[in-house]
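Please open the structure in your viewer and keep the sequence panel beside it. The stops below each name a selection and then describe what is found there.

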Amino acid sequence: VNITLLHPKTHIAKNTPQEHLLMFYKTFDCIKNKKFDGLVVTGAPVEQLDYDDVDFWALRLLILRILWKQLVVQYLKPREAMPTFS
């Protein structure tokens, strides 16, 4: 299994050293044209923060829009007829 770790380039981490992020994480700009089989979103407990304190909403919304678009494209692709079994 290959994984790619992301961090928002506009966010300054409070608990992770910048050197660690640069070594192990990529930004969305670096991977936005690659294809992935899945996505797991984790991170800050944004439900416990004031809206103004979350500085990566725009990136999160962009990623969700791209994912939604891909889901719609996949759903609207012509489908082969399902085989019937007797």
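Begin by selecting His7, which, once its neighbours within four places in sequence are left aside, is in contact with Leu21, Tyr25, Lys26 and Thr27, where contact means heavy atoms within 4.5 Å. His7 sits in the loop between S1 and H1, and it counts as buried because its relative accessible area is 12%; buried means under 20% relative accessible area, exposed over 50%, and partly exposed in between, with a 1.4 Å probe and protein chains only.

Before going further, note that this is a predicted model, in which local features need pLDDT of at least 70, side-chain atom pairs count only at pLDDT 80 or more, and totals for chains, interfaces and linings use all residues. Residues are numbered from 1 along each chain as its sequence is written, and side-chain values use heavy atoms, with hydrogens and water left out.

Now switch to a cartoon view, where the chain shows three helices and two strands in the order β-α-β-α-α from the N terminus on. These elements are DSSP runs, numbered from the N terminus, with helices being H or I of at least four residues and strands being E of at least two. In the chain, 41% of the contacts with a separation of 6 or more are between residues 24 or more positions apart, and buried residues make up 12% of the 86 residues.

Select Thr27 next, in the loop between strand S2 (25-26) and helix H2 (28-31). Thr27 counts as buried because its relative accessibility is 15%. Apart from its neighbours within four places in sequence, Thr27 is in contact with Leu6, His7 and Lys9.

From there, add Lys9 and Asp29 and show their side chains. Which two side chains meet in a salt bridge? Those of Lys9 and Asp29 do, at 2.6 Å from N to O. The pair links distant parts of the chain, with Lys9 in the loop between S1 and helix H1 (18-24) and Asp29 in helix H2, 20 residues apart. A search of the whole structure finds one salt bridge, the term being a side-chain nitrogen of Lys or Arg within 4 Å of a carboxyl oxygen of Asp or Glu. Side chains of opposite charge can pair when their charged atoms come close. Lys9 counts as exposed at 56% relative accessibility, whereas Asp29 counts as partly exposed at 40%.

Turn on the surface and select Val1, Ile3, Leu5, Met23 and Phe24, which make a nonpolar surface patch of about 630 Å². Patches are made of residues with over 30% relative accessible area and no salt bridge, like charges being joined within 9 Å and nonpolar side chains (Val, Leu, Ile, Met, Phe, Trp, Tyr) within 5 Å. Within this patch, Leu5 lies in strand S1 (residues 5-6) and is partly exposed at 34% relative accessibility, while Ile3 belongs to the segment before S1 and is exposed at 66%. The C-alpha atoms of Ile3 and Gly38 are separated by 9.7 Å, with their positions 35 residues apart along the chain. The whole chain exposes about 8400 Å², of which carbon and sulfur atoms supply 59%, with areas from the Shrake-Rupley method and a 1.4 Å probe.

Finish at Leu62 in helix H3 (residues 57-76), which is partly exposed with a relative accessible area of 34%. Leu62 and Phe28 are 34 residues apart in sequence, and their C-alpha atoms are 9.8 Å apart in space.
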